[in-house]
Amino acid sequence: MKQRSVLVVLFDDVLSLDVSGPMEVFAGASRTPGVSYELRTASLTGAPVRCSSGLTLVPDGALVDARVPDMLLVPGGPGTRTPDPALIDWLRANAPRAGQLVSVCSGALLLAGSGQLDGHRVTTHWSLCETLARDHPAVEVDPEPIFVRDGRLATSAGVTAGIDLALALVEEDHGREVALTVARHLVVFLRRPGNQAQFSAQLTAQTAVREPLRDVQHWITQHPDADLCVEALAARATLSPRHFTRAFRAETGLTPGRYVERVRLEQARRLLEDTTDGVAGISRASGYGTPEAMRRAFVKALGTAPAEYRRRFNSPPAQSGHRP
């Protein structure tokens, strides 16, 4: 049996789910014959830490006594905003020796502060991406994906994205069936790809202030297969195309065309994930018209074709009651 050691760093004001979520995934995988993750937690001194929720966690030991792990996992939480300098020093000295570095949510701030993210593409919680990029210009911050793999480094967005990343790591280590078994046990889908956006199209864009523009946003979402050219949308808002385009971008942060692209891509992904509808029907229902047009959009946005996307992320019917 091949055993992988996983060391989870603890500190005051850590987010408890950033710790427990990935650990439950690895512990669940270890129930499979032939799979073993040795899980240990450690704080700087070995003393208990108080989570941001008030929960107290008792570590297995002190970081100074911990041996070099196959995987070093750094969770996030409010405690990453003003970390103990001694923790940053420990990460600077020891993180390079770990086989794999993993951060959940704002744990990326700790790794960045210790110089571990320089020259790498990473992500973190959407609310911290701008701060991470500003304070660490040598780091390539991508605010879109829920997790990013870059060599031995893996970073994830907020909270539940740590579970998605842990499932992806289990799948990489032990195959899809093991990861799928864990996902079923935890009542989550093994389907969210790392390049899935942290937000839906509607949440990525701001909600328009004026009611006619809000109505147009809602119309686009409900009718992705309709004629959504600027002229048609402007007419629905009773504005000239030029005025509509300017107002829509000012109030939502996106051009009408970009918003339509995101809604259609989101609709197509959902149908590929949740249904057995044919690609031709999905392309029409999503407003692409033809499978080839949808394929081009998927390759451009996701780097993969619709058929491959479905193969990896379509959920079995038995799971249809689970959360996405």
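1. **The β6/β7 pair.** In this predicted model, strands β6 and β7 run parallel to each other and share four bridges. Strand β6 covers residues 71-74, and strand β7 covers residues 100-104. One residue match is worth locating in the viewer: Val74 has Ser103 of β7 as its bridge partner.

2. **The sheet around them.** β6 and β7 belong to an open sheet of seven strands. Reading across, the order is β5-β2-β1-β6-β7-β11-β10. The pairing in this sheet is mixed. Which strands form the edges? They are β5, residues 61-62, and β10, residues 147-150. Each of these two pairs on one side only.

3. **The helix across the sheet.** Helix α1 spans residues 16-29. The helix lies across four strands: β1 (2-9), β2 (35-43), β6 and β7. Its direction makes an angle of about 155° with β2.

4. **Asp13, ahead of α1.** Asp13 sits in the loop that links β1 to α1. Its phi is positive, near 70°, and Asp13 is not a glycine. Is Asp13 buried, partly exposed or exposed? Its relative accessible area is 36%, so Asp13 counts as partly exposed.

5. **Thr238, a second positive phi.** Thr238 also has a positive phi without being a glycine, here about 55°. Its place is the loop between α9 (230-236) and α10. Relative accessibility is 68%, so Thr238 is classed as exposed.

6. **Aromatic pairs: α10 with α11.** How many aromatic pairs does the whole structure hold? The search finds four. One aromatic pair is Phe248 with Tyr259. The geometry is edge-to-face, with 5.7 Å between ring centres and 70° between planes. Why does this pair tie separate parts together? Phe248 belongs to helix α10 (residues 241-252) and Tyr259 to helix α11 (residues 256-274), so the contact joins parts 11 residues apart in sequence. Both Phe248 and Tyr259 are buried. Phe244 joins these two, and Phe244, Phe248 and Tyr259 make up one aromatic cluster.

7. **Aromatic pairs: α13 with α14.** Phe298 and Tyr309 form another edge-to-face aromatic pair. Here the centres are 5.7 Å apart and the planes meet at 80°. Phe298 lies in helix α13 (residues 291-302) and Tyr309 in helix α14 (residues 306-313), so this pair ties together parts that are 11 residues apart in sequence. Phe298 is buried, as is Tyr309.

8. **Arg236 over Trp219.** A charged side chain also meets an aromatic ring. Arg236 is placed over the face of Trp219. The distance to the ring centre is 3.6 Å.

9. **Thr275 after α11.** Thr275 is in the loop between α11 and α12 (279-285). Is this residue buried or exposed? Its relative accessible area is 19%, and the cut-off for buried is under 20%, so Thr275 counts as buried. Its side chain has two backbone contacts to look at. A polar atom of the Thr275 side chain lies 2.6 Å from the backbone oxygen of Leu271. A polar atom of that side chain is also 3.3 Å from the backbone nitrogen of Asp277.

Definitions and conventions
Residues numbered from 1 in each chain as written. Heavy atoms only, no water. Pairing = 2+ DSSP bridges. Contact = heavy atoms within 4.5 Å. Axes fitted to C-alpha atoms, helices over the stretch in contact; angles between N-to-C directions. Phe/Tyr/Trp six-rings, centres within 6.5 Å; stacked < 30°, edge-to-face > 60°. Buried < 20%, exposed > 50% of the residue type's maximum accessible area, 1.4 Å probe, protein only. Lys NZ or Arg CZ within 6 Å of the ring centre and 35° of its normal. Polar contact = N/O pair within 3.5 Å; in protein donor to acceptor, adjacent residues only side chain to side chain.
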